[in-house]
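Let's take a walk through a protein model together. Keep the structure open beside you and look up each residue as it comes along.

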Amino acid sequence: MLNLDEDRFLAIQSGAVAQAAPIRAAVRELQTTGLRNVYFLGAGGAGILMQPAADLITRESTVPCFLAYPAEVVVQGAPNLGAGSLVVLPSLSGTTKEAVEIIDYAHAAGAKVLAMTGHADSPVAQAADYSIVNFAADDTSSESFYVQSLLLAKAVISDDADYDKLVLQLDALPNALLEAKRQFEPRAQELSVHFADHENFHIFTSAGNTWAEAYYFAMCILEEMQWIRTRPVHASDFFHGTLELVEKGVSVIALKGEDATRAVVERVEAFAPQVTDSLVVIDTAEFALDGLDAETRALVSPAVLATVCERLSVYIEHERRHPLTVRRYYRRIAY
């Protein structure tokens, strides 16, 4: 596969699954002393990737859960954040400005911070009360963050028996993701030409736990790393404005997972061909994912889409001769 170190990929994703024990230990310790609520306070792409876990806690438990922008919390305050709060802070580098600032805010309020980083010696990892470290890079971090945040959400929601059942399933995930990459490779190469030829306007849509990946890939990969104009819109909102912009030549990309919201995306999928000749659907149900039952498949759909979209980004980079590492402003100038 193009520009993929398979052994490195498997090691990183296995490392994410291996965080199950320390994540559960941290959550159980807080539950013993009184876990009042959970705040997911990641910045940028890492923050977006926390959405499936936050929604899972909200949907399946009575523990209040908040997904917020750390920069806004620092300037506006958060009255529910205090003693008994668990702040979940993903930051791959462990140096993100907003992440460093929110730790000070959370500690001043009496909250505990669980950081998910790729570097143990980073400021965020060093300052957190619980430091979950799994080395990753941009091309492997999405799956890693999805898995770790899923483990945290399930630790909040589940008893030990159910948690152990999930972890046993996730042991098969790294190899399942690698096989999904292999299966998607020819299509990724084919679709890269689509993005090279349609630079003006792409609409990305999804729903449920896969909406985060549509939002993330459009903003953090195509916009940030490729300077391609995109419009991520939730499938529930598609028919409340965005549909009027769809016409022949407008590119619509729908990401489909396997949770109950699949039907919401299928409504867009049924409509789009009536008004555009450019519809792309990427569906997790197309991948074998050996070793995972139906419930786990639905939970890991964001990671599956992330892993195949990584193949797409590699070929887009190649087709456009635009390295994914090139930036004009990000971490290059002061802002």
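## Salt bridges

A salt bridge here is a side-chain nitrogen of Lys or Arg within 4 Å of a carboxyl oxygen of Asp or Glu. Keep in mind that this is a predicted model. R311 and E185 fit the description, as their side chains meet in a salt bridge at 3.1 Å, N to O. This pair links distant parts of the chain: R311 sits in helix α14 and E185 in helix α10, with their positions 126 residues apart in the sequence. Are these two partners buried or exposed? R311 has a relative accessible area of 0%, so it is buried. E185 comes in at 9%, so it counts as buried as well. And the pair isn't on its own: E143, K181, E185, E310 and R311 are linked in a network of salt bridges.

How many salt bridges does a search of the whole structure find? The search turns up 17. One of them joins R182 to E6, where the closest N and O atoms are 2.6 Å apart. Again the pair links distant parts of the chain, with R182 in helix α10 (residues 173-197) and E6 in helix α1, 176 residues apart. R182 has 36% relative accessibility, so it counts as partly exposed. E6 is partly exposed too, with a relative accessible area of 26%.

Another salt bridge brings together the side chains of E258 and R297, at 3.0 Å from N to O. E258 is in the loop between β8 (251-256) and α12 (262-271), while R297 is in helix α13, so the pair ties together parts that are 39 residues apart in sequence. E258 is partly exposed, with a relative accessible area of 23%. R297, on the other hand, is buried at 11%, because buried means under 20% relative accessible area.

## Helix α6 and its two sides

Now find helix α6, which covers residues 97-109. How far should its 13 residues span at 1.5 Å a residue? The expected figure is 18 Å, and the end C-alpha atoms are 19 Å apart, which agrees.

In α6, the residues A99, I102, I103 and A106 are buried. Looking down the axis of α6, you'd see the buried residues fall within an arc of 110 degrees, so they line one face of the helix. What do they pack against? Their partners are α5 (70-76), β3 (85-91), β4 (112-117) and α7 (123-127). Flip to the face turned away from the buried side and you'll meet the exposed residues K97, D104 and A108. After α6 comes G110, with a positive phi near 95 degrees.

## Two unusual backbone angles

Here's a handy bit of background: most residues other than glycine have a negative phi. W227 has a positive phi, near 60 degrees, and it is not a glycine. You'll find W227 in the loop between α11 (211-223) and β7 (230-234). W227 has 35% relative accessibility, so it counts as partly exposed.

L289 is another residue other than glycine with a positive phi, near 50 degrees. L289 also sits in a loop, the one between β9 (279-283) and α13 (294-299). With 4% relative accessibility, L289 counts as buried.

## Contacts across the chain

Back in helix α1 (residues 6-17), have a look at R8. Which residues does R8 touch, not counting those up to four places away in sequence? They are A137, D139 and T140. R8 and T140 are 132 residues apart in sequence, but 9.2 Å apart in space, C-alpha to C-alpha. R8 is partly exposed, with a relative accessible area of 27%.

Q169 belongs to helix α9 (residues 160-170). Leaving aside neighbours within four places in sequence, Q169 is in contact with G291, L292, D293 and T296. Its relative accessibility is 15%, so Q169 counts as buried.

## A nonpolar patch on the surface

Last stop: the surface. Y329, Y330, I333 and Y335 make a nonpolar surface patch of about 500 Å². Y335 lies in the segment after α14 (301-320). At 65% relative accessibility, Y335 counts as exposed, because exposed means over 50%.

Key:
Residues numbered from 1 in each chain as written. Predicted model: local features only at pLDDT ≥ 70, side-chain atom pairs only at ≥ 80, totals over all residues. Heavy atoms only, no water. Helix = DSSP H or I, 4+ residues; strand = E, 2+ residues; numbered from the N terminus. Expected span 1.5 Å × (residues − 1). Buried < 20%, exposed > 50% of the residue type's maximum accessible area, 1.4 Å probe, protein only. Arc of directions from axis to C-beta. Contact = heavy atoms within 4.5 Å. Patch = residues over 30% accessible without salt bridge, like charges linked within 9 Å, V, L, I, M, F, W, Y side chains within 5 Å. Areas by Shrake-Rupley, 256 points an atom, 1.4 Å probe, with all protein chains shown as cover.
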